[in-house]
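Student: Could we go through this structure together, one question at a time, with each term explained as we meet it?

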Amino acid sequence: MAPIVSVEKLTKTYGNGFQALKGVDLQIEEGEILALLGPNGAGKTTLISIICGIVNPSSGRVMVNGHDVVRDFRKTRSLIGLVPQELTTDQFETVWNTVSFSRGVYGCKANPALIEKVLKDLSLWSKKDNMIRELSGGMKRRVLIAKALSHEPKVLFLDEPTAGVDVNLRREMWQVVEKLRENGVTIILTTHYIEEAEEIADRVGVINGGELLLLEDKKTLMKKLGRKQLRLELSAPLAALPPGLAGFNLVLSDDGTALMHEYHGDEAQGSVPSLLNALTLENIHFKDLSTRQSSLEDIFVALVGEKA
Amino acid sequence: MNVEAVKSIYTFEMARMRRTILQSVISPVITTSLYFIVFGTAIGSRIQTVEGVSYGAFITPGLIMLTLLTQCIGNGSIGIYFPKFTGTIYEILSAPIAMTEILLGYVGAAASKGLIIGLIILATASFFVEIRIAHPFMMVVFLVLTAVTFSLFGFIIGIWARNFEQLNIVPMLVVPPLTFLGGSFYSINMLPPFWQAVSHVNPVLYLVSGFRWSFYEIADVNPVISLAMISFFLLLCLSVIGWMFKTGYRLRS
């Protein structure tokens, strides 16, 4: 199936000479949740802004559903909803008016029933006649989502949807995202909360310094780059590692009471059983063991650190 | 053409006028009434007539123009500047709307507001002085052309301005001297020859003169030249906006 969003060799250099994007290629599949990770200033927002039409690209091409975002902007932008990073709202408007305005600006005829459904889905219905400035930060964020959904987009961009949002609301937001996906909406979210990507994304892209460093299925990524560590608490301390264990990737703790073995997530079947066998042969006993898997955060830090 | 979008922006902007009715409608009416009381009645009673027209009636077209210019520039600039300032402009820029439709929505609303206020002031004036309109059709033409031109000019300022000071500098510092020196309150024939010549550089002179001609058939410059000049300003503003849209000047970085 053709990707719903296709980005080819995209570059952007701002007027002040800052190169925000250095040739990004990215294909987004219909119906997926893609998380774009990256530190501040990595180019995430610029990338989204170009796809949505807010920023002009310097070179390269972006297609949405087979249409060019510059030439066929009416077709592409009708398909896209954007929730910006900043809480930018018309403070003196009511929730109902601002969401209805969004629908109109996207060229859709008024549809009160749909707006009602969107507001109800986002638990905003009771606030429909309130002015936006009376709402809490979390509610304002949901108003922005409601505005972005008012014209029933096929692709939704969420630029750091949970920045500065408390834990409960973050969970709530994730549920909203999940629900949208069930309705077939393709979702692209940028975040620097790695747990967010880990929790809800299907694929993860890592951007740094204007380059897409990696784009991978989340599970594959965790398996490929995720490292596991086995820690054995020994019954009796060892003075040094016996030569018989030299073939294993082992580290002895300073006090000699614990052995650490690091291995790749996808080679688990090989090294651990043979290590345990070797320990028995060497007559080394342990009283406890634990394993730990590296998180997406470790992977991310390693990756960004490496290229920085 | 995204008619719904133009309608939405237009309605949204007009709603702002309703919401701020004190500031948008009542305040210009009060200001203009004060002008009539001070210039028209208090001082005007000591001036007999200007070119055969009572002074109060003579200044009416100029007063309408003064308010029309200020209002159109103000509304035209704030309409586009405010979303830029609050950041809500992202929505307009990411929506399937052409720049011409954005222009139509914002400038259409600004010009409509200006026209409404201009007509209210004309009605207010008729309470103070006797108004006679010799060429009603041409009066409307001058009114509409001026409203559109200066709303476009306001739109340019709104895109250009980076802060509120820049936004206000033209309506506060440039428009009042031009209007006062553009023959709103006197005929430039009353000036010494040198200042008469200087006045011809002032674009507002052509607006006021043409507009006054449509009322009393008296003019400082030929009404055809007035019309040509307004059309020229209109085209000038459109070209500047065309360039701004093409380059994405201060809108799409």
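**Two chains, step by step**

Tutor: Chain B has ten helices and two strands, where helices (H or I, at least four residues) and strands (E, at least two) are DSSP runs numbered from the N terminus. This is a predicted model, in which local features need pLDDT of at least 70 and side-chain atom pairs count only at pLDDT 80 or more, while totals for chains, interfaces and linings use all residues. Residues are numbered from 1 along each chain as its sequence is written, and chains are lettered from A and ligands numbered from 1 in the order in which they are written.

Student: What is the radius of gyration of chain B, and what does the globule rule give for 253 residues?

Tutor: The radius is taken over C-alpha atoms, and the globule rule is 2.2 Å times the number of residues to the power 0.38. Chain B is as compact as a globular protein of its length, because its radius of gyration is close to what the rule gives: 19 Å against 18 Å.

Student: How many helices and strands are there in chain A, and why is chain A described as more spread out than a compact globule?

Tutor: Chain A holds ten helices and 14 strands. For its 308 residues the globule rule gives 19 Å, and chain A is well over that, so it counts as more spread out, with a radius of gyration of 25 Å.

Student: What percentage of the residues of chain B is buried?

Tutor: A residue is buried if 20 or more other C-beta atoms, placed from the backbone, lie within 10 Å of its own, exposed if 12 or fewer do, and partly exposed in between. Among the 253 residues in chain B, the buried share is 45%.

Student: At roughly what angle do the axes of helix α2 and helix α5 of chain B cross?

Tutor: Axes are lines fitted to C-alpha atoms, for helices over the stretch in contact, and angles run from 0 to 180 degrees between N-to-C directions. Helix α2 (residues 21-43) of chain B and helix α5 (residues 99-128) of chain B have axes that come within 10 Å of each other, and the crossing angle is roughly 35 degrees.

Student: Which residue of β10(A) stands opposite R203(A)?

Tutor: Strand β9 (residues 203-208) of chain A and strand β10 (residues 211-217) of chain A run antiparallel and are joined by six bridges, where two strands pair if DSSP finds at least two bridges between them. Opposite R203(A), in β10(A), stands D217(A).
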